Amino acid sequence: MTTLDQLEFDNRFARLGDTFSTAVAPQPIEQPRLVVASPAAMALLDLDPAESARAEFVALCAGQQLWSSAEPRAMVYSGHQFGMYNPQLGDGRGLLLGEVVNAAGEHWDLHLKGAGYTPYSRMGDGRAVLRSSIREFLASEHLAALGIPTTRALCVVASDTPVWRERAETAATLLRLSPSHLRFGHFEFFYYTRQHDALRQLAEHALDCHFAECRAQEQPFAAMFGQVVERTAELIALWQAYGFCHGVMNTDNMSLLGLTFDYGPYAFLDDFDARHVCNHSDSGGRYSFENQVPIAHWNLSALGQALTPLVAVDELREALGRFLPRYQAAWLQRMRLRLGLRTAEDGDEALVQRLLALMQMGGVDYPLFFRRLGDAPAAEALRVLRTDFVDLAGFDAWGADLLARLAREGSDDQAARCARMHAVNPRYVLRNYLAQQAIEAAERGDYSLVRELHAVLARPFAEQPGMERYAERPPEWGKHLEISCSS
Ligand code: AMP
Ligand code: MG
């Protein structure tokens, strides 16, 4: 275990110099106090969880104090927002403080979100509000616990610093951890500004730091792009399997490492709806739940375009062509597990698609369906679940096919089946209304709900006696919350 002052830094990105980022000091927030810290994220830095109780911890995470080896920098990037190229992005309200090396030799970027003005703040105030910081914190740590690749969140610090969004709010900071903060948009910036030497330097940096195994390939940059395609396909497969809508899949919010990145108006589906749009500002539904798959592919082509000075177009096309098959296989495999299937059969995809079509008619809570399917022997569970479906005859036919399918692969006893299914089907999911209740309490200065919700969601597969209220279907008001992009 390490204490705060013992963290070791190795700031590889900062060493790339001023072409890639600008040195900026954080502007502290006023009267900082710790809202919540993640012991699991602290463990990534070998930090003793008790360190979060120190005043120094809050001062460091509020931008009041800096580690002596930190080198805060604002990174420059650009990107496609809602399909339109925006040449002027970059860290407008966050700073890469430095890279910590843990005992295992892993590098973790410390990124302080909400750290004040930078050269990329444009019209913004450089701040993050408490509400959106809590949302990012809860989601980062929950997705990680679900096994979905994501950036991490060390803590949220609240303050009295006033900020104005649609209403008066207060600023907060979030300390984000990630093996890398490289976005597709980093490469787009150097491509569209025709700085191809810098583009190559950045790609070399990415290879050295994050895709070292690609060095052994004949075409290391092409191999790296292939890896990005595959990791992204696998990430989106998990989003789709677990009903996660990102909401703002702009290319500047796409991680080169295939991590869930930059949480905004995201949502987990409550009632299944493939056409769900979680971002209130996305009137065209570009980033609807079902569009996440083609949009990820589109975003990868935007990255491929930016790499054309380094990789032959044929190679880029070939790698892009691997996206859909890789996605499809990963998604189907996860859906099989969620249904309790242990083997693969040709008809499995049709079986899953029929289930989703039945759910699409309305009334079926997506996370609860899978959890409850494992609660009792299949035939019995199906009898309980059928009452939620609109097309009862259709569901009965589907259920009969599932039972026949299960019989073909041979039965295991219910205890084993339940353990297997419950290990992939969470009991607790970060529903928007749960986050909302915790946020409203936090805005009144009561952080207990955020802390409790975080603790519950950090163990999403475990039964947690006394916490049943977090596993229920949302109330009617909770299904139609409008979450805006403004954060
Ligand atoms: P986001 O919507 O958070 O992905 O941000 C898109 C771009 O706007 C990025 O370049 C951000 O750094 C910038 N940005 C968002 N909010 C602010 C803010 N309050 N102040 C300055 N820049 C911001
Ligand atoms: Mg962003």
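**Exercise 1.** With which residue does Glu136 form a salt bridge, and how far apart are the closest N and O atoms?

*Solution.* The model is predicted, so the distances below are computed from predicted coordinates.
- Step 1: The partner of Glu136 is Arg176, with the closest N and O atoms 3.2 Å apart.
- Step 2: The pair links distant parts of the chain, since Glu136 belongs to helix H4 (residues 130-146) and Arg176 to strand S11 (residues 168-178), 40 residues apart.
- Step 3: Both Glu136 and Arg176 are buried.

**Exercise 2.** Determine which salt bridges Asp262 forms, and place the partners in the chain.

*Solution.*
- Step 1: Asp262 forms a salt bridge with Lys113, and the closest N and O atoms are 3.7 Å apart.
- Step 2: Lys113 sits in strand S8 (residues 107-113), while Asp262 is in the loop between strand S12 (244-245) and strand S13 (267-268); the two are 149 residues apart.
- Step 3: Asp262 also meets Arg176 in a salt bridge, at 2.8 Å from N to O.
- Step 4: Because Arg176 lies in strand S11 and Asp262 in the loop between S12 and S13, this pair ties together parts that are 86 residues apart in sequence.
- Step 5: Lys113 and Asp262 are both buried. The relative accessible area is 1% for Arg176 and 15% for Asp262.

**Exercise 3.** Find the residues that coordinate the magnesium ion (ligand 2), and state whether they are buried or exposed.

*Solution.*
- Step 1: The coordinating atoms come from Asn253 (OD1) and Asp262 (OD), at 2.0 to 2.1 Å.
- Step 2: Asn253 has a relative accessible area of 9%, so Asn253 is buried.
- Step 3: Asp262, at 15% relative accessibility, also counts as buried, because the limit for that word is under 20%.

**Exercise 4.** Count the salt bridges in the whole structure, and name the residues of one network.

*Solution.*
- Step 1: A search of the whole structure gives 42 salt bridges.
- Step 2: One network of salt bridges links Arg336, Arg342, Glu345, Asp348, Arg405, Arg408 and Glu409.

**Exercise 5.** Explain why Cys61 forms no disulfide, and describe Cys214.

*Solution.*
- Step 1: The structure holds 0 disulfides.
- Step 2: The closest cysteine sulfur to that of Cys61 belongs to Cys155, at 3.5 Å, which is too far for a bond because the sulfur atoms of a disulfide must lie within 2.5 Å.
- Step 3: Cys214 is in no disulfide either, the nearest cysteine sulfur being that of Cys209, 13 Å away.
- Step 4: Cys61 is buried, at a relative accessible area of 1%, and Cys214 is buried at 3%.

**Exercise 6.** Compare the span of helix H6 with the expected value, then list its buried residues and what covers them.

*Solution.*
- Step 1: Helix H6 (residues 196-210) has 15 residues and reaches 20 Å from its first C-alpha to its last, close to the 21 Å expected at 1.5 Å a residue.
- Step 2: Buried in H6 are Ala198, Leu199, Leu202, Ala203, His205, Ala206, Leu207 and His210.
- Step 3: The cover over the buried residues of H6 includes helix H1 (12-15), helix H5 (184-192), helix H7 (220-242) and helix H8 (292-306).

**Exercise 7.** Identify the residues that touch the most other members of the largest nonpolar core.

*Solution.*
- Step 1: The core has 161 residues, of which Phe187, Met359, Phe369 and Trp398 touch the most other members.
- Step 2: H7 supplies the largest share of this core, 14 residues.
- Step 3: Leaving aside neighbours within four places in sequence, Met359 is in contact with Phe272, Val364, Tyr366, Phe369, Phe370 and Phe389.

Key: Residues are numbered from 1 along each chain as its sequence is written. Chains are lettered from A and ligands numbered from 1 in the order in which they are written. This is a predicted model: local features need pLDDT of at least 70, side-chain atom pairs count only at pLDDT 80 or more; totals for chains, interfaces and linings use all residues. Side-chain values use heavy atoms; hydrogens and water are left out. Buried means under 20% relative accessible area, exposed over 50%, partly exposed in between (1.4 Å probe, protein chains only). A salt bridge is a side-chain nitrogen of Lys or Arg within 4 Å of a carboxyl oxygen of Asp or Glu. Helices (H or I, at least four residues) and strands (E, at least two) are DSSP runs, numbered from the N terminus. The expected span of a helix is 1.5 Å times one less than its number of residues. Contact means heavy atoms within 4.5 Å. Donors are N, O and S atoms within 2.8 Å of the metal (3.2 Å for Na, K and Ca); water is not among the atoms, so sites may look incomplete. A nonpolar core is a set of buried Ala, Val, Leu, Ile, Met, Phe, Trp, Tyr and Cys residues joined through side-chain atoms within 4.5 Å.
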